[in-house]
Each structure stands twice: as structure tokens, then as C-alpha cells.
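The exercises below are to be worked with the sequence and the structure side by side. Try each task before reading its solution.

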Amino acid sequence: MVFSYELFGRLFVYLAIAIFSITGFTLLIGLYSFKRNTMIFPNLILFVLYLFYSPAKWICHVFSIKDTLVDEILVEVRNAVMIDKFKKICDKKVLILPQCMRHSSCQARCDPIVGYQCKECGKCDIGLLCQEARKYNFKVFVIPGDSFVKKIMRSYKPNSCIGVACFQELTESMQSVSKHIPVQGVFLLKDGCYMTTVDIEEVVTKMEMCDV
Ligand code: SF4
């Protein structure tokens, strides 16, 4: 029995070392790809970093690297993997924005299925993005939370999607949406769940890439 516990302990240590070695190595490949804009083993990076998401964050923490690097790598690699398919979609394209981008005095009504219905009053960037989205044939959804992504997928059945969100939320949502349709992600510039902002030009550039 003592031997079994010892063996179990050793196996656990070896397994932990293996997981952290594989994750650390994948982080390095991901970082190299991310910085050089050259994708090396993208599917391996996505598989390992999603599977060992928490250990990857822990490794960043130990080496005093900002742990959002894991999300940045995952989103940029996913963007690169899906960009060709994304560009080819010409109908039922959606832009999903978080409700925290709204101005504090926003008067938009929240629908239980499709989220906030922007009146384009001009107080925040959502109105501007709605105007740009019309030019490129994108439908805009302003959602109060992750659960609305599933509702939109079921009710509107989009063929492609651009998502804007904070680090962890975008990483998680892109993983689930990308199983069904090509997706592109853009991080919020300023998060914090209140009057957040995004790089408008980056979002518009992604919309421009698609066939109208
Ligand atoms: S532009 Fe739209 S989302 Fe922004 S404050 Fe006005 S109604 Fe609300």
C-alpha cells in the first residue's frame, strides 16, 4: 500500500512536470508566432493552450509576464486560422459588441433575445459602429452577457462573426462560436465593465476584409 502511494505521488509529479513543460513550450511557440506574425503549428497552440489554460496563466504569473498574454495568443492565432474562411462569407455577418461600451446615459432598450437596440444617439462608439456595419452588410448585436451569444446563434443563425470583448470573455466565446462559423476577435482597449472602448479602426478593417 505504501509503495502504491509512493508510485501515485511520483506519477503525479511526472504528470505535472509534463503538463507544465508542454504548456511552457507551447507558450513560447505561441509568443514567437504572435510577435513575428508567422503562425507555427497554430492548431497545436490552440489545442494545448485551451486545454491547459490555467497552467499557462500560472506560468505567466510565475515569470512576471502579464497573464492576458495567453488570451492574446489564443485570439490572434484563432484570427489567423479563420481569416480566409471569414473573408469569403458575404451574408448573415454579425458584429457582437458588449453592453459595457454603452454610454452611462444610454436609452437603448434591452430585448431578451437580441440584447440592446442602439438608437444611434451618438453618445458612444456603438452608434458609429452601427453606421459602419451597415456599409459592410454586418448586423450589430449589443449583448449584456455571454449567454446572448448562444441566443443569437440560435435565433439569427449567422454565417460569420466579429466579436468584441475583454480578454477571458473573448477567448471563451471565440472557442465556442468557432466550432460553427468563422470568427474574428477584437479586444477591448479599455475594459472594466463600464464605458469601455475598442479600436474602431481595427473593427472596421475586419469588416472591410469581407465580401459585401
Ligand atoms: S449610441 Fe446607441 S448604445 Fe451608445 S448611448 Fe446611444 S443608444 Fe446607447
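**Exercise 1. The annotated spans**

Task: For residues 12–32, find how far apart the end C-alpha atoms lie and what share of the span is helix. Then do this for residues 39–56.

Solution.
- Step 1. The end C-alpha atoms of residues 12–32 lie 30 Å apart, and the span is 100% helix and 0% strand.
- Step 2. For residues 39–56 the end C-alpha atoms are 19 Å apart, with 78% helix and 0% strand.
- Step 3. An unreviewed UniProt entry annotates residues 12–32 and 39–56 as "transmembrane region". The coordinates themselves come from a predicted model.

**Exercise 2. The chain as a whole**

Task: State how many helices and strands the protein chain has, and what percentage of its residues count as buried.

Solution.
- Step 1. The protein chain has 8 helices and 7 strands.
- Step 2. Its C-alpha trace spans about 70 × 35 × 35 Å along the principal axes.
- Step 3. There are 212 residues in the protein chain, and 32% of them count as buried.
- Step 4. Take the contacts with a separation of 6 or more: residues 24 or more positions apart account for 62% of them.

**Exercise 3. Strand 1 and its partners**

Task: Decide which strands are joined to strand 1 by bridges and in which direction they run, parallel or antiparallel. Then explain why strand 1 can be called largely enclosed.

Solution.
- Step 1. Strand 1 covers residues 93–98. It is joined to strand 4 (residues 138–143) by 6 bridges, and the two run parallel.
- Step 2. Strand 5 (residues 160–165) is also parallel to strand 1, with 4 bridges between them.
- Step 3. To locate the pairings, take Leu95, which stands opposite Val140 in strand 4, and Ile96, which stands opposite Gly163 in strand 5.
- Step 4. Side chains in a regular strand alternate between the two faces of the sheet. In strand 1, one side holds Lys93, Leu95 and Leu97 and the other holds Val94, Ile96 and Pro98.
- Step 5. These residues are all buried, so both faces of strand 1 are covered. Because 6 of the 6 residues are buried, strand 1 is largely enclosed by the rest of the structure.
- Step 6. In strand 4, 5 of the 6 residues are buried, so this strand too is largely enclosed by the rest of the structure.

**Exercise 4. The two sides of helix 5**

Task: List the buried residues of helix 5 and the exposed residues on the face turned away from them.

Solution.
- Step 1. Helix 5 (residues 125–135) has Ile126, Leu129 and Ala133 as its buried residues.
- Step 2. Looking down the axis of helix 5, these buried residues fall within an arc of 60°, so they line one face of the helix.
- Step 3. The cover over the buried residues of helix 5 includes strand 1, strand 4 and helix 8 (200–208).
- Step 4. On the face turned away from the buried side are the exposed residues Gln131, Arg134 and Lys135.
- Step 5. Just after helix 5, Asn137 has a positive phi of about 65°.

**Exercise 5. The shell around the ligand**

Task: Find how many residues surround the ligand and which are the closest.

Solution.
- Step 1. The ligand is surrounded by 14 residues.
- Step 2. The closest are Cys106, Cys118, Cys121, Cys124 and Gly127.
- Step 3. Sorted by class, the shell holds 6 nonpolar, 4 polar and 4 charged residues.

**Exercise 6. Classifying single residues**

Task: Decide whether Glu76, Phe41, Met195 and Val204 are buried, partly exposed or exposed.

Solution.
- Step 1. The cut-off for buried is 20 or more other C-beta atoms within 10 Å, and for exposed it is 12 or fewer.
- Step 2. Glu76, in helix 4 (residues 68–88), has 20 C-beta neighbours inside 10 Å and therefore counts as buried.
- Step 3. Phe41 lies in the loop between helix 1 (2–36) and helix 2 (42–51). With 14 C-beta neighbours inside 10 Å, Phe41 counts as partly exposed. Its phi is positive, about 45°, although Phe41 is not a glycine.
- Step 4. Glu76 and Phe41 are 35 residues apart in sequence, and their C-alpha atoms are 13 Å apart in space.
- Step 5. Met195 is in the loop between strand 6 (183–190) and strand 7 (197–198). Having 14 other C-beta atoms within 10 Å, Met195 is partly exposed. Its phi is near 45°, a positive value in a residue other than glycine.
- Step 6. Val204, found in helix 8, has 17 other C-beta atoms within 10 Å and is partly exposed.
- Step 7. The C-alpha atoms of Val204 and Met101 are separated by 16 Å, with their positions 103 residues apart along the chain.

Terms used: Residues numbered from 1 in each chain as written. Predicted model: local features only at pLDDT ≥ 70, side-chain atom pairs only at ≥ 80, totals over all residues. Pairing = 2+ DSSP bridges. UniProt positions renumbered as here; feature names shortened; annotations may be inferred. Arc of directions from axis to C-beta. Contact = placed C-beta atoms within 7 Å. Near = placed C-beta within 6 Å. Nonpolar A, V, L, I, M, F, W, Y, C, P; charged D, E, K, R; others polar.
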